[in-house]
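Thank you all for coming; I would like to take a few minutes to walk through one structure with you. Please have the sequence and the model open while I talk.

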Amino acid sequence: MKDIINLMKLDLICIKKKTLIPMIAAVAFFALFGFYMGPQFMMPIIIFSGLCVQSVFTIAAKNDFNKLYGVLPVSRSSVVFARFLLGVVSVGIVTAVVILLGLAAERAALFEKTDEQLAQYYYASKDDGFTIPMMGAVLFAATCILTSVQYAILFILGVERETVGMLCAVIITAIMIFIMVAVNIEITTGAAELLSKIYLKSEYLLYVAIYAFGIVVAAVFALITGAVMKRREL
């Protein structure tokens, strides 16, 4: 675990200037936009938060970090787990910050004076269950899935084949969506019913379930990617 934490620190040092500062600026911009247009407009920044860590792949490739990892007493699987964990933690921090800012924007209610129609739309969505915490949880899980696919592709195929890898990911995702929607729609219906049952028991339990789902998916991708990278060491 100590190796993983140290590798996370190394990745943070790499992305601190080139990615972390622009990400903070982006969060601030979306927050300002959300205060005056509606809290829902600041939530999409969560989706882009996973890109904070993605840039370290390019930085590592340019600086031949693979050679450095070969000298250090760490395994490739540890590098994989550290990168995935940093991604989840980064998305989690941004999600927490955005939720707090969204709740503050809702309390300030400045967007009601800016555009009444947008305000009405927001409150109607809130009544339907799309609250700030709910949007944050859903976007966190979605971002974990998207970034996990990206990290796995970048690790396995390499940065130089990123375009090909992303194309494969899009095709695979499209096929999965087609199968669920066109062939076996009962899957999505069953999932919706399960979430509804959890929500009826406890709203907070539903949040936990959604966050846990995103983390589990990231963990599965990390384990698969780690196994592939470890096999390459043999």
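**Contacts around one phenylalanine, and a helix pair**

Let me begin with F111, which, once its neighbours within four places in sequence are set aside, is in contact with F35, Y36, M37, G38, P39, A105, E106, A119, Y122 and Y123. I should say at once that this is a predicted model, and please keep that in mind throughout. F111 has its place in helix α6, which covers residues 111-114, and with a relative accessibility of 0% F111 counts as buried. One of the contacts I listed, G38, is 73 residues away from F111 along the chain, and yet the C-alpha atoms of F111 and G38 are separated by 5.3 Å.

Let me step back to the whole chain for a moment. The protein has 11 helices and 0 strands, and 38% of its 234 residues count as buried. If we take the contacts with a separation of 6 or more, then 83% of them are accounted for by residues 24 or more positions apart.

Now to the aromatic residues, where a search of the whole structure finds 6 aromatic pairs. In one of them, F33 and F41, the ring centres are 5.6 Å apart and the planes stand at 75°, and because an angle over 60 degrees counts as edge-to-face, that is how this pair is classed. As for accessibility, F33 is partly exposed, with a relative accessible area of 37%, and F41, at 27%, also counts as partly exposed. These two residues belong, together with F29 and F30, to one aromatic cluster.

A second pair is F84 with Y151, whose ring centres lie 5.5 Å apart with the planes at 85°, so this pair is edge-to-face. Here the pair links distant parts of the chain, since F84 sits in helix α5, residues 76-108, and Y151 in helix α8, residues 132-157, with the two positions 67 residues apart. Are F84 and Y151 buried or exposed? F84 is buried, with a relative accessible area of 3%, and Y151, at 1%, counts as buried as well.

That pair brings us to the two helices themselves. The axes of α5 and α8 are 10 Å apart, and the helices pack at an angle of about 155°, which makes α5 roughly antiparallel to α8. The crossing of α5 and α8 is right-handed.

Which residues meet where α5 and α8 come together? On the α5 side they include V79, V80, R83, F84, G87 and V88, and further along the helix V91, G92, T95 and I99 are among them, while the α8 side includes I132, P133, F140, C144, S148, Y151 and F155. Sorted by class, the contact of α5 with α8 has 14 nonpolar, 7 polar and 1 charged residues.

I will finish with S148, a residue of helix α8 and one of those that meet α5. S148 is buried, with a relative accessible area of 2%, and if residues up to four places away in sequence are not counted, S148 touches F84, A218 and F221. F84 therefore appears twice in what I have described, as the edge-to-face partner of Y151 and as a residue touched by S148.

Definitions and conventions
Residues are numbered from 1 along each chain as its sequence is written. This is a predicted model: local features need pLDDT of at least 70, side-chain atom pairs count only at pLDDT 80 or more; totals for chains, interfaces and linings use all residues. Side-chain values use heavy atoms; hydrogens and water are left out. Rings of Phe, Tyr and Trp (its six-membered ring) pair if their centres lie within 6.5 Å; planes under 30 degrees apart count as stacked, over 60 as edge-to-face and the rest as tilted. Buried means under 20% relative accessible area, exposed over 50%, partly exposed in between (1.4 Å probe, protein chains only). Helices (H or I, at least four residues) and strands (E, at least two) are DSSP runs, numbered from the N terminus. Axes are lines fitted to C-alpha atoms, for helices over the stretch in contact, and angles run from 0 to 180 degrees between N-to-C directions. Angles under 35 degrees count as roughly parallel, over 145 as roughly antiparallel, 65 to 115 as roughly perpendicular and the rest as oblique. A crossing is left-handed if the near helix is turned anticlockwise from the far one by less than a right angle, and right-handed if clockwise. Contact means heavy atoms within 4.5 Å. Ala, Val, Leu, Ile, Met, Phe, Trp, Tyr, Cys and Pro count as nonpolar, Asp, Glu, Lys and Arg as charged, and the others, Gly among them, as polar.
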